Amino acid sequence: MDSTFIDQVRERMRELAAQKIPFVKRTKTTDDAIALFESQGMVDKVQLFRYRRASCINVYELDGYYDYNYGYMVPDTGYIDCFDLFPYQDGLMLLLPERRDPEHLPVFEERKKLFKALEDSTRWGEKLGITTVGDLNDKICGGDLAELILVQEAMQESRIGRIAEDIAGRKGVKFVMIAGPSSSGKTTFSHRLSIQLKTFGLTPHPIEVDNYFVNREKTPRDADGNYNFESLDAIDTERFNRDMCELLEGKRIELPTFNFKTGKREYKGNFLQLGADDILVIEGIHGLNDKMSYALPNESKYKIYISALTSLNVDEHNRISTADGRLLRRLVRDARTRGTSAGQTIAQWPSVRRGEEENIFPFQESADATFNSALIYELCVLKTYAEPLLYGIQKGDPEYFEAKRLLKFLDYFLGVSSENLPKNSIVREFVGGSCFRV
């Protein structure tokens, strides 16, 4: 993008910030809102509101210009006056301050691999003709959901196959380290990758780092006094490295299993010994951190970063937060597998996010390969499972307003059944019915 144009946009943004023009919220009937945005040529919003069940919609006016905003709107244009704009790739980058230091801009850290994964996902969406929620709802109403699911799953399987081929072509690799933030689908990915590795003559053994959790009473706590399961100190790294080194030496060891209900590590006769074609597929949030596998030779490790980077947008002016998608995944999964209420999951989420910022995201660019586990259709499936859980949060509960926000977000999507999902789909890790033990 032309730098002169970006300079002009930046200058205009600063002029608007200095003027502190108020954003005026106006409530309109759904029909009137559709007519308004149709007159402004905003076909994406017309498409979105066609599926809106509410009779009224809040729109925002700025000096005669109308638009729609998902989420919370600032009071005026002067609310955010600390920002920068500069060319990046084929477009531009908007740099904003972090919550912990709102008065200063952070140093820009380029994350090429992450950007490439999101760029590829965006191109997939464009090829499928689905870039907004309205596009997705149109596909569902047109009876094209079953084919969409098959195409998306085939795209992911193709990517997994290419990663497996790369691993098989590297000499000396014995440990495939898979890392990513919470609810990115690491467990299902590790199983699917294992199957692909078998096609290259390798014998993979999936291992979950979670089985090396320290016993609950030894788990560190965060600043709020909650258990910090995202901390590296929550893992018995000494025992993990000792076990892995013994396997590398050809010894036979007994692998642990962590009991999440009792909070204790158990041994149930799960013995393993590596042969010439054996390879360990290890998944856990700290997989890319060399402190996790400090005793293993670097040439023996192949690192994979997995995340759920949705390219879908509410409309052309409102993006969908990747973190919201993962929160809904976790909310549904933990209610099903760990008996955790929606309120408990929401309450724990800020701690989870802090742990990701500290322990996962700083290492993502060190990966040998990246994988995007987000599926365009998944929020339509998650909706049918998440809504009853969110409605269970009562007014007056600390998590009530976050639950209402998520319910409003899910209201954009048409809910669909999970019956057409393949048994090996990553979404199955969260809604159930997987052919893998997840």
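The dialogue below asks how some descriptions of this predicted model follow from their definitions.

Student: What should I know about the model before we start?

Tutor: This is a predicted model, where local features need pLDDT of at least 70 and side-chain atom pairs count only at pLDDT 80 or more, while totals for chains, interfaces and linings use all residues. Residues are numbered from 1 along each chain as its sequence is written, and side-chain values use heavy atoms, leaving out hydrogens and water.

Student: Why are H9 and H10 called oblique to each other?

Tutor: Helix H9 (residues 322-337) and helix H10 (residues 342-359) pack at about 130°, with axes 10 Å apart. Axes are lines fitted to C-alpha atoms, for helices over the stretch in contact, and angles run from 0 to 180 degrees between N-to-C directions. Under 35 degrees counts as roughly parallel, over 145 as roughly antiparallel, 65 to 115 as roughly perpendicular, and the rest as oblique. H9 and H10 are therefore oblique.

Student: Which residues of H9 make the contact with H10?

Tutor: With contact meaning heavy atoms within 4.5 Å, Ala323, Arg326, Leu327, Arg330, Leu331 and Asp334 in H9 meet residues of H10, including Trp349 and Glu356. The residues of this contact divide into seven nonpolar, two polar and five charged.

Student: What makes Ser3 buried, exposed or partly exposed?

Tutor: Buried means under 20% relative accessible area, exposed over 50%, and partly exposed in between (1.4 Å probe, protein chains only). Ser3 has 40%, so Ser3 is partly exposed. Ser3 is found in helix H1 (residues 3-19), and its C-alpha is 6.4 Å from that of Pro87, although the two are 84 residues apart in sequence.

Student: How do you know that S2 and S3 pair?

Tutor: Two strands pair if DSSP finds at least two bridges between them. Strand S2 (residues 56-62) and S3 have three bridges, in the antiparallel sense. Tyr60 stands opposite Asp67 in S3.

Student: What makes S1 and S3 the edge strands of the sheet?

Tutor: The open sheet has three strands in the order S1-S2-S3, with antiparallel pairing. Strand S1 (24-29) and strand S3 (65-67) each pair on one side only, as edge strands. Neighbouring strands are turned by 35° against each other on average, direction ignored. Helix H2 (residues 30-39) packs on this sheet and touches S1, S2 and S3.

Student: How many bridges join S8 to S9?

Tutor: Six bridges join strand S8 (residues 253-259) to strand S9 (residues 264-272), and the two run antiparallel. Asn259 has Lys264 in S9 as its bridge partner. S8 and S9 form a hairpin with four residues between them, and Gly263 in the turn has a positive phi of about 75°.

Terms used: Nonpolar A, V, L, I, M, F, W, Y, C, P; charged D, E, K, R; others polar.
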